[in-house]
Amino acid sequence: MNGHHVHTHGYVDPSISSSERGLWAVKWSFVGLFVTAAFQLVIVFLSNSIALLADTIHNFGDAATAIPLGIAFLFARRPATRRFTYGFGRVEDLAGLAVVLTIFVSAAVAFYQAVHRLLHPQPVSHLGAIAVASVIGFLGNELVAIFRIRVGKEIGSAALIADGYHARTDGWTSLAVLLGATGVYMGYPKSDPIIGLVITVAILGIVWQSVKTVFSRMLDGVEPDVIDEVRHSAAHVPGVQGLTDVRARWIGHRLHAELSISVSPNLTVEQGHELAKEVEHQLRHHLKFLSGAIVHVDPTQQSGETYHHVQSHSHDGIPAHSH
């Protein structure tokens with residue numbers, strides 16, 4: 001059974017139900033942030049506060065990130081095709097990139113407005129209303145953050161989790177608006193645009209953290225504890241004598257694993273197949289977001305990818321080559 005590969009089947013991909021859950025989360029977080037930003041916008045027109053304007057722009061931008069996320073979850077529900085044999089989960093990674101770009105643009109707009117106000121000061125009024133808008137901005141973002149992070153962890157969506165932590169940081173930047181209003185009240189009018197700049201720096205920090213998360217997924221990065229769990233789950237299956245070539249990758253918010261198990265060379269093909277099925281069964285029990293696993297079955301004396309390749313040879317007049 002040299003290099004014999006057993007692929008197991010028979011499970012329904014859970015990405016369909018999890019994508020529906022993701023769409024639900026995106027829809028209601030969009031509503032929450034849009035209502036919050038709309039209320040703040042009214043106060044911006046009344047007060048002329050640049051710090052509140054920066055926060056409002058960011059909240060509208062954050063609400064707009066629901067669009068690429070929603071598109072990604074819709075794509076994830078589509079079945080695999082002959083061209084896209086792994087399905088469309090990778091669209092979620094592109095959505096994460098769109099989210100990062102949206103946040104960056106909102107930071108650029110907020111920065112421009114803050115610098116313009118520093119160079120061209122204007123009076124700020126309705127300080128009480130600004131304070132109320134600041135607190136509402138904090139509460140709206142924190143509720144959305146809790147919601148997104150919880151659902152993102154439930155379905156294993158890095159994009160949704162990153163967006164949740166982004167909303168949490170937005171809540172604290174909303175409270176910073178309160179500091180600007182307090183400074184104006186105490187006779188320091190430039191505190192308002194200065195707080196606008198501080199908010200911009202905070203937004204850029206979010207951009208950097210989100211970039212690292214999104215690009216890690218796009219480059220097939222996977223958390224080390226995931227690989228440890230794959231090894232632990234497979235190694236404890238009776239009959240598995242060794243593991244090699246353990247790999248995993250995220251495709252959207254679903255995890256795919258691949259590994260080689262070494263078994264007794266005396267097993268039949270049917271017995272090897274049943275053992276591979278049990279390995280996948282255990283992987284699904286221990287890895288919440290696993291939607292597919294390829295288990296290669298090799299005899300103990302020829303286990304691993306080294307033995308999966310044909311040595312260099314020649315035939316039919318063709319120059320020496322390998323497969």
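This passage walks through the overall make-up of the protein, two helix pairs, one long-range view of a valine and one helix end.

The model is a predicted one. Counting up its secondary structure gives nine helices and six strands. The chain runs to 323 residues, and 46% of them count as buried. As for how the chain folds back on itself, take the contacts with a separation of 6 or more: 73% of these involve residues 24 or more positions apart. On the outside, the protein exposes about 16100 Å², with carbon and sulfur atoms supplying 65% of that area.

Two helix pairs are worth a look, starting with H3 and H4. Helix H3 covers residues 66–76 and helix H4 covers residues 91–119; their axes sit 8 Å apart and the packing angle is about 180°. An angle over 145 degrees counts as roughly antiparallel, and H3 and H4 are therefore roughly antiparallel to each other. On the H3 side, the contact is made by Pro68, Leu69, Ala72, Phe73 and Phe75, while H4 brings in Val91, Glu92, Ala95, Ala98 and Val99. Sorted by class, that makes nine nonpolar residues and one charged residue, with no polar ones.

The other pair is H2 (residues 50–64) with H7 (residues 191–218), which pack at an angle of about 25° with axes 7 Å apart. Angles under 35 degrees count as roughly parallel, so H2 is roughly parallel to H7. Here Ile50, Ala51, Ala54, Asp55 and His58 of H2 meet a set of H7 residues, namely Asp192, Pro193, Ile195, Gly196, Ile199, Ile203 and Ile206. This contact has eight nonpolar, two polar and two charged residues.

Zooming in on a single residue, Val279 belongs to helix H9, which spans residues 269–286. Val279 has a relative accessible area of 0%; the cut-off for buried is under 20%, so Val279 counts as buried. Leaving aside residues up to four places away in sequence, Val279 touches Ala234, Val237, Val240, Leu259, Ile261 and Val295. Pro238 is 41 residues away from Val279 along the chain, yet their C-alpha atoms are separated by 9.3 Å.

Helix H5, finally, takes in residues 127–155, a run of 29 residues. From its first C-alpha to its last, H5 reaches 42 Å, close to the 42 Å expected at 1.5 Å a residue. Right after H5 comes Gly156, which has a positive phi, near 75°.

Key. Residues numbered from 1 in each chain as written. Predicted model: local features only at pLDDT ≥ 70, side-chain atom pairs only at ≥ 80, totals over all residues. Heavy atoms only, no water. Axes fitted to C-alpha atoms, helices over the stretch in contact; angles between N-to-C directions. Helix = DSSP H or I, 4+ residues; strand = E, 2+ residues; numbered from the N terminus. Parallel < 35°, antiparallel > 145°, perpendicular 65-115°, else oblique. Contact = heavy atoms within 4.5 Å. Nonpolar A, V, L, I, M, F, W, Y, C, P; charged D, E, K, R; others polar. Buried < 20%, exposed > 50% of the residue type's maximum accessible area, 1.4 Å probe, protein only. Areas by Shrake-Rupley, 256 points an atom, 1.4 Å probe, with all protein chains shown as cover. Expected span 1.5 Å × (residues − 1).
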